[in-house]
Amino acid sequence: MYTLIIGNKNYSSWSLRPWLALRACGIAFQEQKLALFTPEFAQRLGTLTPAGLVPVLLDGEFAIWDSLAICEYAAERHPQAGLWPADPQARARARSLAAQMHSGFGQLRQAMPMNIEAHLPGIDISAAQGDISRVQAIWHDTRAEFGQGGPFLFGQFSIADAFYAPVVSRFTTYGVAAAGTVRAYMDAVLALPAMQEWTRDARAEGTFVPDDEPYRTHR
């Protein structure tokens with residue numbers, strides 16, 4: 001049994017990615033949640049990873065950190081789960097999109113921090129408009145090229161969808177306009193039972209983390 005160490009579900013977009021990939025594809029794990037910015041958080045992670053960040057996957061006593069590394073490890077250990085598309089070109093594109101999300105879209109991250117329980121459509125997110133447009137174009141174009149056979153980017157759910165799920169959440173929180181293929185894709189992600197489970201848990205936390213709540217006064 002794996003153990004996945006995560007942060008607060010309301011805020012931790014990096015934790016959501018591997019959690020969703022594992023849960024949606026039926027890979028069993030135990031969840032251990034550490035409250036962000038607490039002594040327990042630093043103490044526990046300090047024994048496991050030099051990065052000092054969540055998420056961390058424990059396979060016995062072996063630790064894998066970084067969300068993309070965790071997903072790749074799970075895909076290698078559980079090929080039957082279909083975490084990457086089977087077609088080589090689709091798989092290469094899915095890896096490209098996950099890596100792009102992993103390392104890019106800095107304006108979106110800064111202007112629109114993940115905050116699932118909040119509803120903030122009046123916030124000025126104009127600084128992120130370039131990233132918003134790029135993400136929506138990725139969703140539209142990928143669905144058109146690879147999306148046959150299901151409602152996700154490559155038809156069936158994959159790691160690529162897990163990596164863009166926090167962006168779907170952000171677009172929902174901040175009231176980003178979406179229509180057509182983009183709206184249908186967002187609805188498919190939000191309808192995933194695993195995504196709904198995470199969302200319920202996030203809304204039930206009731207934990208205020210000031211460092212992750214820059215817009216609380218606007219609610």
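Colleague: Where is aspartate 66 found?
Modeller: This is a predicted model. Aspartate 66 follows no strand or helix assignment of its own; its place is a loop. That loop lies between E4 and helix H3 (67–77).

Colleague: What is the phi of aspartate 66, which is not a glycine?
Modeller: Most residues other than glycine have a negative phi. Aspartate 66 departs from that sign. Its phi is positive, at about 85 degrees.

Colleague: Is aspartate 66 buried, partly exposed or exposed?
Modeller: Buried needs under 20% relative accessible area, and exposed needs over 50%. Aspartate 66 has 31%, so it counts as partly exposed.

Colleague: Which residue other than glycine, in the loop between strand E2 (29–33) and H2, has a positive phi?
Modeller: The loop between E2 and H2 holds this residue. Its phi is near 60 degrees. The residue is phenylalanine 37.

Colleague: Is phenylalanine 37 buried or exposed?
Modeller: The cut-off for exposed is over 50% relative accessible area. Phenylalanine 37 has 53%, so it is exposed.

Colleague: Which peptide bond is cis, with omega near 5 degrees?
Modeller: Most peptide bonds are trans. Here the cis bond leads into a proline in the loop between helix H2 (39–46) and E3. The bond runs from valine 54 to proline 55.

Colleague: What pattern does the chain follow, read along the sequence?
Modeller: The secondary structure comes to nine helices and four strands. Read along the sequence, their order is β-α-β-α-β-β-α-α-α-α-α-α-α.

Colleague: In which sense do E1 and E2 pair, parallel or antiparallel?
Modeller: Five bridges join E1 and E2. Leucine 4, for one, has glutamate 31 in E2 as its bridge partner. The sense of the E1 and E2 pairing is parallel.

Colleague: How do strand E1 and strand E3 run, parallel or antiparallel?
Modeller: Four bridges join E1 (residues 2–6) to E3 (residues 56–59). Isoleucine 5 has valine 56 in E3 as its bridge partner. E1 and E3 run antiparallel.

Colleague: Which residue in the turn of the E3 and E4 hairpin has a positive phi?
Modeller: E3 also runs antiparallel to E4 (residues 62–65), with four bridges. Aspartate 59 has phenylalanine 62 in E4 as its bridge partner. Two residues lie between the strands of the hairpin, and the one with a phi of about 65 degrees is glycine 60.

Colleague: Which residues point one way from E1, and which the other way?
Modeller: In a regular strand the side chains alternate between the two faces of the sheet. Five of the five residues of E1 are buried. One way point Tyr2, Leu4 and Ile6; the other way point Thr3 and Ile5.

Colleague: What is the radius of gyration of the chain?
Modeller: The C-alpha atoms fill a box of roughly 45 × 45 × 25 Å along the principal axes. With 219 residues, a compact globule would come near 17 Å. The chain agrees, at 17 Å.

Colleague: What share of the 219 residues is buried?
Modeller: Buried means under 20% relative accessible area. Counted that way, the share of buried residues in the chain is 53%.

Colleague: Which elements give two or more residues to the lining of the largest pocket?
Modeller: The largest pocket has a volume of about 510 Å³. Of its 21 lining residues, the closest to the centre are Ser12, Ser13, Trp14, Leu53 and Val54. The lining divides into twelve nonpolar, five polar and four charged residues. The elements are helix H1 (13–24) and helix H5 (106–111).

Colleague: Which element gives the largest share of the lining of the second largest pocket?
Modeller: About 200 Å³ of space lies in this pocket. Of its 13 lining residues, Ile116, Thr172, Leu190, Thr199 and Arg203 lie nearest the centre. Helix H7 (159–173) and helix H9 (193–205) each supply at least two. The largest share, five residues, comes from H9.

Colleague: Is threonine 199 buried or exposed?
Modeller: Threonine 199 is found in helix H9. Its relative accessible area is 13%, and the limit is under 20%, so threonine 199 is buried.

Notes
Residues numbered from 1 in each chain as written. Predicted model: local features only at pLDDT ≥ 70, side-chain atom pairs only at ≥ 80, totals over all residues. Heavy atoms only, no water. 1 Å grid on protein atoms, 1.4 Å probe; cavity = no way out; pocket = protein on both sides within 12 Å on 5 of 7 lines; lining within 4 Å. Points joined across faces, edges and corners; volume = space filled by probe spheres on them. Nonpolar A, V, L, I, M, F, W, Y, C, P; charged D, E, K, R; others polar. Pairing = 2+ DSSP bridges. Buried < 20%, exposed > 50% of the residue type's maximum accessible area, 1.4 Å probe, protein only. Rg over C-alpha atoms; globule rule 2.2 N^0.38 Å.
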